[in-house]
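Student: I've got a new structure open and no idea where to begin. Can you walk me through it?
Tutor: Sure, let's take a look together.

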Amino acid sequence: MAAPLIPLSQQIPTENSLYESYYKQVDPAYTGRVGASEAVLFLKKSGLSDIILGKIWDLADPEGKGFLDKQGFYVALRLVACAQSGHEVTFSNLNLSMPPPKFHDTSSPLMVTPPSAEAHWAVRVEEKAKFDGIFESLLPINGLLSGDKVKPVLMNSKLPLDVLGRDGHLDRDEFAVAMHLVYRALEKEPVPSALPPSFIPPSKRKKTVFPGAVPVLPGSPPPKDSLRSTPSHGSVSSLNSTGSLSLKHSLKQTQPTVNWVVPVADKMRFDEIFLKTDLDLDGYVSGQEVKEIFMHSGFTQNLLAHIWALADTRQTGKLSKDQFALAMYFIQQKVSKGIDPPQVLSPDMVPPSERGTPGPDSSGSLGSGEFTGVKELDDISQEIAQLQREKYSLEQDIREKEEAIRQKTSEVQELQNDLDLETSSLQELEAQKQDAQDRLDEMDQQKAKLPDMLSDVRQKCQDETQMISSLKTQIQSQESDLKSQENDLNRAKSELNPLQQDETQLEQSIQAGRVQLETIIKSLKSTQDEINQARSKLSQLHESRQEAHRSLEQYDQVLDGAHGASLTDLADLSEGVSLAERGGFGMQKSDFNRIKIPSC
């Protein structure tokens, strides 16, 4: 599925002077293309992790072209700023307000910092060793190769004709840079018209070098006429395992390049894993070295074995860097998208380094007509062609023998699987036999116990029969008693009905008596209240009577002693009589009139 293009609304204006200065460092010739290696080396200065940089590359190169145009490079810079500001690396965050991106040794973007001696060199160590071998095979004089000796190689690369040094010769490091560019050209990568800083050999970096100031080819280019006479359709085919160079001219047109399915960002990540996994540094990883990485995917061994067989295109039992990247790509596709690996490799899946391998049809033509005009190169080319033919023949024999070994191994494995299956079945049958024997012994023991158990059961049956007879007798007796009790119950019920009627009448009488009783109680209470009032009045009358009696006694005493009494005492008695009248003794005035007061 094609990657999404960068939304037009989220593209970065090209007038940004800061971004323009950054772009000038990676594309000093303004070719409009920034290669993957230049972009990666520059973006790594941001200090971001490889995972984030890989995501930034995928977003900046949505079409998978393997390089960035100017707008794509600006998008990459903007995404770096997003990541450094703590934002998520997505297109939607491109328009956020944030500080510009920062890079370790480009703090002043208007001035290019000269690369240090420890800076990264684009020519890898293993490549340098091979190129040094080729350099020595061309018999340098005083450590230098003339332009005539290397002209066929450089012409076949179709590189721009410019000056690499001032002396018209190439030393060991300059030759390595030239060969590195040759192989980049063969892999259809753009060749810069001026060297980026990462291509400058460390030995040449003691001088201040500005991007765009380093020429590419020997200082004394051959005349244009001689250049035209050189066949322009030749190409460098490949490097063999010893580091020698095979030069091949052909009248056939160059085959169209097929893009590799492994994205550039993923390839760089897989290469880093490869370098960590290749413990013996032989340029290959064995099954033991990658076992832990493959098993971490959680796939079955059959699936992993199939992926290994697809990646091991030469059936050597080891994987090169590109083959390892292809295997990791298949695993990643299965993990992230659920896409199963194919049964066979399609042309776009074959690693680029494997596409130049000679096949059976081309083995006989190796070395025929391969003349460059330089005797040393022609001799080396013929020797290499012979070695390649021998190598191909040996590889064919090895592949046939390996195929036979695989078939025998497969047959042995199948027999071993059958043996394991039969052994497992035999063990299972023996276990079943032992289980049946144990069950048979147990049943024999149970059979020996059965007579005694039968006798006990019969005795219990007799006891139970007797008990049942006794229970039946008891049941019959209880049924007779129950019928008698039912008759008594019926009689009691018949006697109970009149009593219940009497009870109802009595309850009604009691209810009426209660009503009358309540009335009587109320009357009694009223009468009691009246009695209490009468008693209270009677008590008052009794007191009044006693008081009157005492007054009468005093009158009597006064009357009896009238002759000695004074008028004051009579007045007091009269007042007492008045008080008695007011007290309500009930004495009439006539009662007092009946009292005769003796005369003096």
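**A patch, two cores and some shaky stretches**

Tutor: Let's start on the surface of this predicted model. Leu517, Ile520, Ile521 and Leu524 make a nonpolar patch there, of about 390 Å².

Student: Okay, take leucine 517. Which helix does leucine 517 lie in?

Tutor: Leucine 517 is part of helix α13, which covers residues 375-560.

Student: And why does leucine 517 count as partly exposed?

Tutor: Because its relative accessibility is 46%, and partly exposed means anything between the 20% and 50% cut-offs.

Student: Let's go inside. Which residues touch the most other members of the largest nonpolar core?

Tutor: That would be Phe42, Leu43, Ile56, Leu68, Phe73 and Leu77, out of 29 residues in that core.

Student: Which helices supply at least two residues each?

Tutor: Four of them are α1 (17-26), α2 (36-43), α3 (50-60) and α4 (70-84). The largest share comes from α4, with 8 residues.

Student: What does leucine 68 touch, leaving out residues up to four places away in sequence?

Tutor: Leucine 68 touches Gly32, Arg33, Val34, Ala39, Trp57, Ala60, Asp61, Phe73 and Ala76.

Student: What else is there, apart from that core?

Tutor: Another core lies apart from it, with 25 residues, including Val261, Val262, Phe270 and Ile307. As a general point, nonpolar side chains in soluble globular proteins tend to be buried together.

Student: Zooming out, how many helices and strands are in the chain?

Tutor: The chain has 15 helices and 8 strands. It runs to 600 residues, and 30% of them count as buried.

Student: How much area does the chain expose?

Tutor: About 38900 Å², and carbon and sulfur atoms supply 55% of that.

Student: What about contacts between residues 24 or more positions apart?

Tutor: Those make up 66% of the chain's contacts with a separation of 6 or more.

Student: New topic: what pLDDT does the chain average?

Tutor: The average is 75, and 71% of the residues score at least 70.

Student: Where is confidence lowest, and where is it highest?

Tutor: Going by the means, the lowest is helix α8 (residues 224-229), at 33, and the highest is helix α12 (residues 321-337), at 92.

Student: Which stretch keeps its pLDDT under 50?

Tutor: Residues 106-119 do, and the model gives them 18 contacts beyond four places in sequence. Residues 595-600 are also below 50, with 7 contacts beyond near neighbours in sequence.

How values were computed:
Residues numbered from 1 in each chain as written. Predicted model: local features only at pLDDT ≥ 70, side-chain atom pairs only at ≥ 80, totals over all residues. Heavy atoms only, no water. Helix = DSSP H or I, 4+ residues; strand = E, 2+ residues; numbered from the N terminus. Buried < 20%, exposed > 50% of the residue type's maximum accessible area, 1.4 Å probe, protein only. Contact = heavy atoms within 4.5 Å. Areas by Shrake-Rupley, 256 points an atom, 1.4 Å probe, with all protein chains shown as cover. pLDDT = per-residue confidence, 0-100. Patch = residues over 30% accessible without salt bridge, like charges linked within 9 Å, V, L, I, M, F, W, Y side chains within 5 Å. Salt bridge = Lys/Arg side-chain N within 4 Å of Asp/Glu carboxyl O. Core = buried A, V, L, I, M, F, W, Y, C linked by side-chain atoms within 4.5 Å.
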